[in-house]
Amino acid sequence: MRSLQDLRIFIETARQGSLSGAARQMDLSPAAASAAIKRVEAEIGVPLFIRSTRHLRMTHQGETFLGHCQQALQLLEDGCQAVQTGQTVIQDVLQLSMPSDVGRNLLLDWLDEFLDKHPRIDLRIQLSDRLANVYRQPVDIALRYGEPPDSSLIAVPLLPDNRRVLCASPEYVQAFGAPLNPYELEQHNCLCFMLGEDVHGRWHFWQGGQEVSVKVRGDRVADDGEAVKRWALAGKGIAYKSRLDVIEELRDGRLVPLCEDWDTERTPFNLICADRRQFSPAVQALREFLLYRLDQYLHEA
């Protein structure tokens, strides 16, 4: 190919739907535009347009090639800007799934900061406690607690040592007392989380190397983690929440920890994807940003 200008002429011809329109837009003669298209076709060995005296229609090969050309030229423009400014410019559409509680109350604000740093990234967010199907749904990555149920998924730790916290509001404790050990949870109203048809109604604890599994019950079950936290804050019962979800409420006393001399369930916070090839520059930038922000947040707490 003689130059990148030929590719720009090809893209503009596709946009205008005519050689003459592209020529006018780029201040060229129609003959020069036509020659550029012919050079590109000769280089790649396939026709890009079907021409007649009145019409110009892109071929299937041309449509395929167009997308690659647009991406390639955008990367080159980003590279030029990076060299000129000394900064890496990332342009992408990032489709992200994340849990409702930590998503609404923590991550959304952080993502605003992230977009301020990378203004050419567009976000598409799904807020749900259901694990997105990263094979079928339009999701690049998912932020989720716990190990992925599908061992073929890639889980990159963001907060590997995160654990659950048994907690309730001071009002609940004043009214009903605090359990002295996990066994006493059977006497309390426990606020349970439901994923699909499965209720997380068996809570696990450890002390001195011994595991205790307690079947809990309560009058409220939700498939939304934020709803469970709201019930706990309102004094409706005891919750077993991720520490990351309730760290601010514990810090300001709106929730109090219970049975603190017992170890609780691990609930690592992971970035999950189907294939490591999905680790685009945008995903890598988001991972680095979240690692930094999580470390800063936990030290503040």
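**View 1. Strands E3 and E4 lie side by side in this predicted model.** Strand E3 covers residues 92-98, and its pairing with E4 is in the parallel sense, over 7 bridges. To find your way in, look for aspartate 92: its bridge partner in E4 is isoleucine 121.

**View 2. Here is the open sheet to which E3 and E4 belong.** Reading across, the order of its 5 strands is E4-E3-E5-E16-E6, and the pairing is mixed. Strand E4 (121-127) and strand E6 (154-159) stand at the edges; each has a single partner strand, so one side of each has no neighbour in the sheet. From one strand to the next, the twist averages 25°.

**View 3. Two helices, H5 and H9, meet this sheet.** H5 lies across E3, E4, strand E5 (141-145) and strand E16 (269-273). Its direction is at about 175° to that of E4. Helix H9 (residues 281-300) packs on the sheet as well, touching E3, E4, E5, E6 and E16. The direction of H9 makes about 30° with that of E6.

**View 4. Helix H5 also crosses helix H8.** The axes of H5 (residues 100-117) and H8 (residues 243-251) come within 9 Å and cross at roughly 50°. That angle is why H5 is called oblique to H8. The crossing is left-handed. On the H5 side, the contact is made by Asp101, Val102 and Leu106; on the H8 side, by Leu244, Asp245 and Glu248. Sorted by character, the residues of this contact are 3 nonpolar and 3 charged, with no polar ones.

**View 5. A second close-up of strands shows an open sheet with the order E11-E10-E15.** This sheet has 3 strands, and the pairing is antiparallel. At its edges are strand E11 (210-215) and strand E15 (263-264), each pairing on one side only. Strand E10 (residues 202-207) is joined to E15 by 2 bridges, and the two run antiparallel. A handy landmark is tryptophan 206, whose bridge partner in E15 is aspartate 263.

**View 6. Finally, meet a pair of aromatic rings, phenylalanine 10 and phenylalanine 49.** A pair of this kind is described by the distance of the ring centres and the angle of the planes. Here the centres are 5.8 Å apart and the planes stand at 65°, so the pair is edge-to-face. Phenylalanine 10 sits in helix H1 (residues 4-16) and phenylalanine 49 in strand E1 (residues 49-51). The two are 39 residues apart, so this pair links distant parts of the chain. The count for the model comes to 8 aromatic pairs.

Definitions and conventions. Residues numbered from 1 in each chain as written. Predicted model: local features only at pLDDT ≥ 70, side-chain atom pairs only at ≥ 80, totals over all residues. Heavy atoms only, no water. Axes fitted to C-alpha atoms, helices over the stretch in contact; angles between N-to-C directions. Helix = DSSP H or I, 4+ residues; strand = E, 2+ residues; numbered from the N terminus. Parallel < 35°, antiparallel > 145°, perpendicular 65-115°, else oblique. Left-handed = near helix turned anticlockwise from the far one by under 90°. Contact = heavy atoms within 4.5 Å. Nonpolar A, V, L, I, M, F, W, Y, C, P; charged D, E, K, R; others polar. Pairing = 2+ DSSP bridges. Phe/Tyr/Trp six-rings, centres within 6.5 Å; stacked < 30°, edge-to-face > 60°.
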